[in-house]
Amino acid sequence: MRYFTSVDDIGPLDVAVKEALEVKRDRFAYSHLGRNKTLMMIFFNSSLRTRLSTQKAAMNLGMNVIVLDVNNGAWKLETERGVIMDGDCPEHLLEAVPVMGCYCDIIGVRSFARFESKHDDYNEKILNQFIKYSGRPVFSMEAATGHPLQAFADLITIEEHKTKERPKVVLTWAPHPRALPQAVPNSFAQWMNAAGYDFVITHPEGYELAPEFVGDAKVIYDQDEALRGADFVYAKNWSAFADPNYGQILSKDRAWTITSEKMALTDNAYFMHCLPVRRNMIVSDDVIESDRSLVIPEAANREISAEVVLKRLLESL
Ligand code: CP
(Lines give C-alpha, C1' and ligand atoms only; values in the text may rest on other atoms or scores of the structure.)
Protein backbone atom coordinates (compact mmCIF):
# COMPACT_ATOMS: atom_id res chain seq x y z
CA MET A 1 0.00 0.00 0.00
CA ARG A 2 1.57 3.29 -1.15
CA TYR A 3 -1.29 5.66 -0.26
CA PHE A 4 -4.18 5.57 2.19
CA THR A 5 -6.98 8.00 1.43
CA SER A 6 -10.08 5.80 1.28
CA VAL A 7 -11.48 2.32 1.86
CA ASP A 8 -10.36 1.41 -1.66
CA ASP A 9 -6.71 1.45 -0.56
CA ILE A 10 -6.97 -1.08 2.27
CA GLY A 11 -8.05 -4.22 0.39
CA PRO A 12 -10.51 -6.78 1.82
CA LEU A 13 -11.95 -5.45 5.08
CA ASP A 14 -12.05 -8.86 6.79
CA VAL A 15 -8.29 -9.15 6.24
CA ALA A 16 -7.70 -5.60 7.51
CA VAL A 17 -9.78 -6.18 10.65
CA LYS A 18 -8.01 -9.50 11.35
CA GLU A 19 -4.66 -7.72 11.00
CA ALA A 20 -5.88 -4.93 13.30
CA LEU A 21 -6.90 -7.39 16.01
CA GLU A 22 -3.51 -9.12 15.74
CA VAL A 23 -1.74 -5.77 16.07
CA LYS A 24 -3.95 -4.94 19.04
CA ARG A 25 -2.94 -8.17 20.80
CA ASP A 26 0.78 -7.34 20.36
CA ARG A 27 1.27 -3.76 19.23
CA PHE A 28 5.07 -3.99 19.38
CA ALA A 29 5.35 -7.12 17.20
CA TYR A 30 6.48 -5.04 14.19
CA SER A 31 8.77 -2.60 16.01
CA HIS A 32 11.62 -3.59 13.66
CA LEU A 33 9.74 -2.29 10.59
CA GLY A 34 10.13 1.40 11.41
CA ARG A 35 13.74 1.37 12.56
CA ASN A 36 15.57 4.38 11.07
CA LYS A 37 12.37 5.45 9.31
CA THR A 38 10.73 8.82 9.88
CA LEU A 39 7.06 9.73 9.85
CA MET A 40 6.21 13.37 9.19
CA MET A 41 2.76 14.46 10.35
CA ILE A 42 1.55 17.70 8.75
CA PHE A 43 -1.40 19.47 10.38
CA PHE A 44 -3.25 22.26 8.62
CA ASN A 45 -6.00 21.87 11.28
CA SER A 46 -6.27 21.09 14.99
CA SER A 47 -6.27 17.58 16.41
CA LEU A 48 -6.11 15.66 19.66
CA ARG A 49 -6.83 12.00 18.81
CA THR A 50 -5.25 11.83 15.36
CA ARG A 51 -2.06 13.50 16.51
CA LEU A 52 -1.60 11.35 19.61
CA SER A 53 -2.81 8.01 18.26
CA THR A 54 -0.84 8.23 15.02
CA GLN A 55 2.32 9.26 16.85
CA LYS A 56 1.83 6.38 19.29
CA ALA A 57 1.26 3.94 16.42
CA ALA A 58 4.47 5.12 14.73
CA MET A 59 6.38 4.71 17.99
CA ASN A 60 4.98 1.16 18.36
CA LEU A 61 6.51 0.45 14.94
CA GLY A 62 9.88 1.89 15.98
CA MET A 63 9.62 5.04 13.82
CA ASN A 64 10.95 8.51 14.47
CA VAL A 65 8.22 11.16 14.29
CA ILE A 66 8.23 14.81 13.22
CA VAL A 67 5.05 16.84 13.77
CA LEU A 68 4.50 20.15 11.96
CA ASP A 69 1.61 22.50 12.69
CA VAL A 70 1.59 24.45 9.46
CA ASN A 71 -0.28 27.36 11.04
CA ASN A 72 2.01 27.61 14.04
CA GLY A 73 5.69 28.20 13.39
CA ALA A 74 5.94 27.49 9.65
CA TRP A 75 5.82 29.98 6.80
CA LYS A 76 2.30 30.69 5.67
CA LEU A 77 1.75 28.66 2.51
CA GLU A 78 0.31 29.80 -0.81
CA THR A 79 -1.67 26.97 -2.40
CA GLU A 80 -2.76 28.53 -5.73
CA ARG A 81 -0.41 28.18 -8.71
CA GLY A 82 0.03 31.28 -10.86
CA VAL A 83 -0.50 33.72 -8.00
CA ILE A 84 1.78 36.78 -7.81
CA MET A 85 3.04 36.20 -4.30
CA ASP A 86 3.00 39.78 -3.06
CA GLY A 87 0.62 38.97 -0.20
CA ASP A 88 1.20 37.44 3.23
CA CYS A 89 2.32 33.97 2.05
CA PRO A 90 6.15 33.80 1.77
CA GLU A 91 6.29 30.14 0.63
CA HIS A 92 4.46 28.07 -1.96
CA LEU A 93 3.14 24.58 -1.31
CA LEU A 94 4.88 23.47 -4.53
CA GLU A 95 8.30 24.00 -2.90
CA ALA A 96 7.29 23.20 0.68
CA VAL A 97 5.89 19.74 -0.11
CA PRO A 98 8.98 18.28 -1.85
CA VAL A 99 11.16 19.85 0.85
CA MET A 100 9.12 18.07 3.53
CA GLY A 101 9.54 14.86 1.54
CA CYS A 102 13.34 15.23 1.83
CA TYR A 103 13.20 14.80 5.60
CA CYS A 104 11.01 11.73 6.01
CA ASP A 105 9.92 8.36 4.65
CA ILE A 106 6.14 8.62 5.07
CA ILE A 107 3.86 11.68 5.28
CA GLY A 108 0.49 12.02 7.01
CA VAL A 109 -1.62 15.07 6.16
CA ARG A 110 -4.58 16.68 7.90
CA SER A 111 -6.26 19.23 5.65
CA PHE A 112 -9.96 19.91 6.13
CA ALA A 113 -12.45 21.24 3.61
CA ARG A 114 -12.10 25.00 3.33
CA PHE A 115 -15.63 25.62 1.98
CA GLU A 116 -14.18 28.17 -0.48
CA SER A 117 -14.62 25.90 -3.49
CA LYS A 118 -16.58 22.66 -3.54
CA HIS A 119 -14.57 21.64 -6.61
CA ASP A 120 -11.25 22.09 -4.78
CA ASP A 121 -12.53 20.36 -1.63
CA TYR A 122 -13.96 17.35 -3.47
CA ASN A 123 -10.83 17.05 -5.62
CA GLU A 124 -8.73 16.99 -2.43
CA LYS A 125 -6.55 19.80 -3.69
CA ILE A 126 -4.13 19.88 -0.73
CA LEU A 127 -3.83 16.13 -0.07
CA ASN A 128 -3.30 15.39 -3.75
CA GLN A 129 -0.44 17.89 -3.97
CA PHE A 130 1.33 15.90 -1.25
CA ILE A 131 0.68 12.70 -3.19
CA LYS A 132 1.93 14.28 -6.41
CA TYR A 133 4.94 16.27 -5.21
CA SER A 134 6.29 14.79 -1.95
CA GLY A 135 7.83 11.65 -3.51
CA ARG A 136 6.71 9.73 -0.39
CA PRO A 137 3.89 7.42 0.62
CA VAL A 138 1.08 9.65 1.89
CA PHE A 139 -1.89 8.93 4.12
CA SER A 140 -4.88 11.01 5.13
CA MET A 141 -5.20 12.12 8.74
CA GLU A 142 -8.58 13.62 7.70
CA ALA A 143 -8.77 15.48 4.46
CA ALA A 144 -11.52 17.51 2.80
CA THR A 145 -13.79 14.61 1.91
CA GLY A 146 -12.76 11.71 4.10
CA HIS A 147 -11.39 10.51 7.43
CA PRO A 148 -10.45 6.90 6.69
CA LEU A 149 -8.33 6.33 9.83
CA GLN A 150 -11.43 7.18 11.88
CA ALA A 151 -13.73 4.98 9.81
CA PHE A 152 -11.28 2.07 10.06
CA ALA A 153 -11.19 2.49 13.87
CA ASP A 154 -15.00 2.62 13.90
CA LEU A 155 -15.18 -0.59 11.87
CA ILE A 156 -12.79 -2.35 14.27
CA THR A 157 -14.93 -1.16 17.21
CA ILE A 158 -18.16 -2.44 15.65
CA GLU A 159 -16.56 -5.78 14.82
CA GLU A 160 -15.43 -6.10 18.45
CA HIS A 161 -18.91 -5.35 19.84
CA LYS A 162 -21.40 -6.76 17.34
CA THR A 163 -23.52 -9.74 18.36
CA LYS A 164 -24.99 -10.34 14.88
CA GLU A 165 -23.22 -11.09 11.62
CA ARG A 166 -24.94 -8.13 9.92
CA PRO A 167 -25.85 -5.50 12.53
CA LYS A 168 -28.08 -2.52 11.83
CA VAL A 169 -25.87 0.58 11.87
CA VAL A 170 -27.49 4.03 11.77
CA LEU A 171 -25.57 7.18 10.90
CA THR A 172 -27.57 10.12 12.19
CA TRP A 173 -27.05 13.82 11.63
CA ALA A 174 -27.20 15.86 14.87
CA PRO A 175 -27.12 19.62 15.47
CA HIS A 176 -23.96 21.71 15.95
CA PRO A 177 -23.29 25.45 16.19
CA ARG A 178 -20.59 25.52 13.47
CA ALA A 179 -20.45 24.40 9.85
CA LEU A 180 -18.54 21.11 9.79
CA PRO A 181 -17.17 19.21 6.77
CA GLN A 182 -18.69 15.97 5.46
CA ALA A 183 -15.41 14.04 5.82
CA VAL A 184 -16.35 11.85 8.79
CA PRO A 185 -19.85 10.87 7.59
CA ASN A 186 -18.52 10.34 4.05
CA SER A 187 -15.87 7.88 5.21
CA PHE A 188 -18.15 6.21 7.76
CA ALA A 189 -20.72 5.62 5.02
CA GLN A 190 -18.09 4.34 2.61
CA TRP A 191 -16.69 1.85 5.13
CA MET A 192 -20.10 0.68 6.43
CA ASN A 193 -21.25 0.02 2.87
CA ALA A 194 -18.04 -1.88 2.17
CA ALA A 195 -18.52 -3.91 5.37
CA GLY A 196 -21.94 -5.03 4.11
CA TYR A 197 -23.87 -4.04 7.25
CA ASP A 198 -27.57 -3.12 7.29
CA PHE A 199 -26.69 0.55 6.96
CA VAL A 200 -29.10 3.48 7.32
CA ILE A 201 -28.42 7.22 7.09
CA THR A 202 -30.85 9.70 8.65
CA HIS A 203 -30.76 13.49 8.42
CA PRO A 204 -33.06 16.45 7.81
CA GLU A 205 -33.87 17.10 4.16
CA GLY A 206 -31.14 19.18 2.54
CA TYR A 207 -28.28 17.32 4.26
CA GLU A 208 -27.88 14.61 1.59
CA LEU A 209 -24.28 13.42 1.33
CA ALA A 210 -22.52 12.94 -2.01
CA PRO A 211 -24.03 9.91 -3.82
CA GLU A 212 -20.66 8.18 -4.18
CA PHE A 213 -20.45 7.94 -0.38
CA VAL A 214 -24.13 7.16 0.28
CA GLY A 215 -23.84 4.14 -2.02
CA ASP A 216 -26.47 1.51 -1.22
CA ALA A 217 -27.35 2.92 2.22
CA LYS A 218 -31.03 3.44 3.02
CA VAL A 219 -31.71 7.17 3.55
CA ILE A 220 -34.60 7.88 5.95
CA TYR A 221 -35.58 11.45 6.82
CA ASP A 222 -37.52 10.44 9.95
CA GLN A 223 -34.89 9.92 12.66
CA ASP A 224 -37.20 7.92 14.97
CA GLU A 225 -38.07 5.51 12.18
CA ALA A 226 -34.39 5.14 11.26
CA LEU A 227 -33.35 4.39 14.85
CA ARG A 228 -35.88 1.58 15.40
CA GLY A 229 -34.05 -1.71 15.88
CA ALA A 230 -30.59 -0.19 15.52
CA ASP A 231 -27.61 -2.05 16.97
CA PHE A 232 -25.21 0.88 16.59
CA VAL A 233 -26.04 4.60 16.47
CA TYR A 234 -23.30 6.81 15.02
CA ALA A 235 -24.06 10.49 15.56
CA LYS A 236 -22.30 13.25 13.64
CA ASN A 237 -22.98 16.72 12.43
CA TRP A 238 -22.18 17.80 8.90
CA SER A 239 -22.96 20.83 6.77
CA ALA A 240 -24.91 20.72 3.53
CA PHE A 241 -23.22 19.10 0.52
CA ALA A 242 -25.75 19.89 -2.20
CA ASP A 243 -25.62 23.10 -4.22
CA PRO A 244 -26.37 25.93 -3.72
CA ASN A 245 -25.93 25.34 0.04
CA TYR A 246 -22.52 23.62 0.06
CA GLY A 247 -20.84 24.12 3.47
CA GLN A 248 -23.84 25.85 5.03
CA ILE A 249 -25.84 25.15 8.19
CA LEU A 250 -29.50 24.53 7.29
CA SER A 251 -30.74 23.48 10.74
CA LYS A 252 -29.78 23.48 14.40
CA ASP A 253 -32.88 21.53 15.39
CA ARG A 254 -32.18 19.98 18.78
CA ALA A 255 -34.98 17.48 18.23
CA TRP A 256 -32.19 15.56 16.41
CA THR A 257 -29.94 15.40 19.52
CA ILE A 258 -29.40 11.78 20.60
CA THR A 259 -31.05 11.35 24.01
CA SER A 260 -32.00 8.35 26.12
CA GLU A 261 -35.52 8.63 24.65
CA LYS A 262 -34.04 8.27 21.15
CA MET A 263 -31.82 5.38 22.24
CA ALA A 264 -34.89 3.64 23.70
CA LEU A 265 -36.15 3.23 20.12
CA THR A 266 -33.14 1.05 19.28
CA ASP A 267 -32.32 -2.57 20.04
CA ASN A 268 -30.23 -1.53 23.06
CA ALA A 269 -27.80 0.05 20.60
CA TYR A 270 -24.30 1.18 21.27
CA PHE A 271 -23.69 4.91 20.87
CA MET A 272 -20.75 6.03 18.74
CA HIS A 273 -19.11 9.35 17.89
CA CYS A 274 -15.64 10.14 16.56
CA LEU A 275 -15.01 12.96 19.10
CA PRO A 276 -14.62 15.81 19.84
CA VAL A 277 -18.32 16.02 20.63
CA ARG A 278 -20.54 18.91 21.72
CA ARG A 279 -22.50 17.48 24.66
CA ASN A 280 -26.22 18.22 24.72
CA MET A 281 -26.06 19.36 21.10
CA ILE A 282 -25.03 16.06 19.47
CA VAL A 283 -25.70 13.74 22.43
CA SER A 284 -27.06 14.06 25.94
CA ASP A 285 -24.78 13.62 28.95
CA ASP A 286 -26.54 10.45 30.07
CA VAL A 287 -26.17 8.71 26.69
CA ILE A 288 -22.47 9.49 26.25
CA GLU A 289 -21.81 8.48 29.87
CA SER A 290 -23.84 5.26 29.64
CA ASP A 291 -22.35 1.78 29.53
CA ARG A 292 -23.52 1.56 25.88
CA SER A 293 -21.27 4.44 24.83
CA LEU A 294 -18.28 3.38 22.70
CA VAL A 295 -16.66 6.78 22.26
CA ILE A 296 -13.55 5.89 24.29
CA PRO A 297 -13.02 2.43 22.70
CA GLU A 298 -13.34 4.08 19.28
CA ALA A 299 -10.67 6.61 20.20
CA ALA A 300 -8.47 3.81 21.57
CA ASN A 301 -8.80 1.96 18.27
CA ARG A 302 -7.40 4.98 16.43
CA GLU A 303 -3.97 3.78 17.55
CA ILE A 304 -4.70 0.38 16.00
CA SER A 305 -6.05 1.64 12.68
CA ALA A 306 -3.07 3.98 12.36
CA GLU A 307 -0.65 1.17 13.18
CA VAL A 308 -2.08 -1.13 10.50
CA VAL A 309 -1.91 1.67 7.92
CA LEU A 310 1.65 2.67 8.85
CA LYS A 311 2.73 -0.97 8.92
CA ARG A 312 1.46 -1.48 5.39
CA LEU A 313 3.06 1.76 4.16
CA LEU A 314 6.39 0.72 5.74
CA GLU A 315 6.13 -2.67 4.05
CA SER A 316 5.82 -0.84 0.71
CA LEU A 317 9.09 1.09 1.08
N1 CP B 1 -11.68 12.01 15.74
C2 CP B 1 -10.62 12.78 15.47
O3 CP B 1 -10.07 12.75 14.36
O4 CP B 1 -10.20 13.54 16.51
P5 CP B 1 -9.16 14.75 16.40
O6 CP B 1 -9.80 15.79 15.49
O7 CP B 1 -8.96 15.24 17.79
O8 CP B 1 -7.89 14.25 15.78
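Which charged end sits over the ring of Tyr30? That would be Lys311, at 4.6 Å from the ring's centre. Keep in mind as we go that this is a predicted model. A similar arrangement turns up at Phe241, where Lys118 lies over the face of the ring, 3.8 Å from its centre.

Phe241 also has aromatic company: ring pairs join it with Phe115, Tyr122 and Tyr246 in a cluster.

Let's stay with the rings for a bit. A pair of aromatic rings is described by how far apart the centres are and by the angle between the planes. There are 12 aromatic pairs in the structure. Take Phe44 and Phe130: their ring centres are 6.2 Å apart and their planes stand at 80°, so this pair counts as edge-to-face. Phe44 sits in the loop between β2 (38-43) and α2 (49-60), while Phe130 belongs to helix α5 (residues 125-133), so the pair links distant parts of the chain, 86 residues apart. Both Phe44 and Phe130 are buried.

Now compare Trp173 and Tyr207. Here the centres are 4.7 Å apart and the planes are at 40°, so the pair is tilted. Trp173 comes from strand β8 (residues 168-173) and Tyr207 from the loop between β9 (198-202) and α8 (211-214), so parts that are 34 residues apart in sequence get tied together. Trp173 is buried, and Tyr207 is too.

Next, the sheet. Strands of a sheet pair through backbone hydrogen bonds, and they can do that in parallel or antiparallel fashion. In this model, five strands make an open sheet with parallel pairing, and if you walk across you meet β1, β7, β6, β2 and β3 in that order. At the edges are β1 (3-4) and β3 (64-69), each paired on one side only. Further in, β2 runs parallel to strand β6 (residues 106-110), and five bridges join the two. To find one of them, look at Leu39, whose bridge partner in β6 is Ile106. Helix α5, the home of Phe130, packs on this sheet and touches β1, β2, β6 and β7 (138-140). The direction of α5 makes about 165° with that of β7.

Finally, the cysteines. A disulfide is a covalent bond between the sulfur atoms of two cysteines, and this structure holds zero of them. Why don't Cys102 and Cys104 bond? For the sulfur of Cys102, the closest cysteine sulfur is that of Cys104, and at 8.7 Å that is too far for a bond. Their surroundings contrast as well: Cys102 is exposed, with 58% relative accessible area, whereas Cys104 is buried at 3%.

Note on methods
Residues numbered from 1 in each chain as written. Predicted model: local features only at pLDDT ≥ 70, side-chain atom pairs only at ≥ 80, totals over all residues. Heavy atoms only, no water. Phe/Tyr/Trp six-rings, centres within 6.5 Å; stacked < 30°, edge-to-face > 60°. Helix = DSSP H or I, 4+ residues; strand = E, 2+ residues; numbered from the N terminus. Buried < 20%, exposed > 50% of the residue type's maximum accessible area, 1.4 Å probe, protein only. Lys NZ or Arg CZ within 6 Å of the ring centre and 35° of its normal. Pairing = 2+ DSSP bridges. Contact = heavy atoms within 4.5 Å. Axes fitted to C-alpha atoms, helices over the stretch in contact; angles between N-to-C directions. Disulfide = S-S within 2.5 Å.
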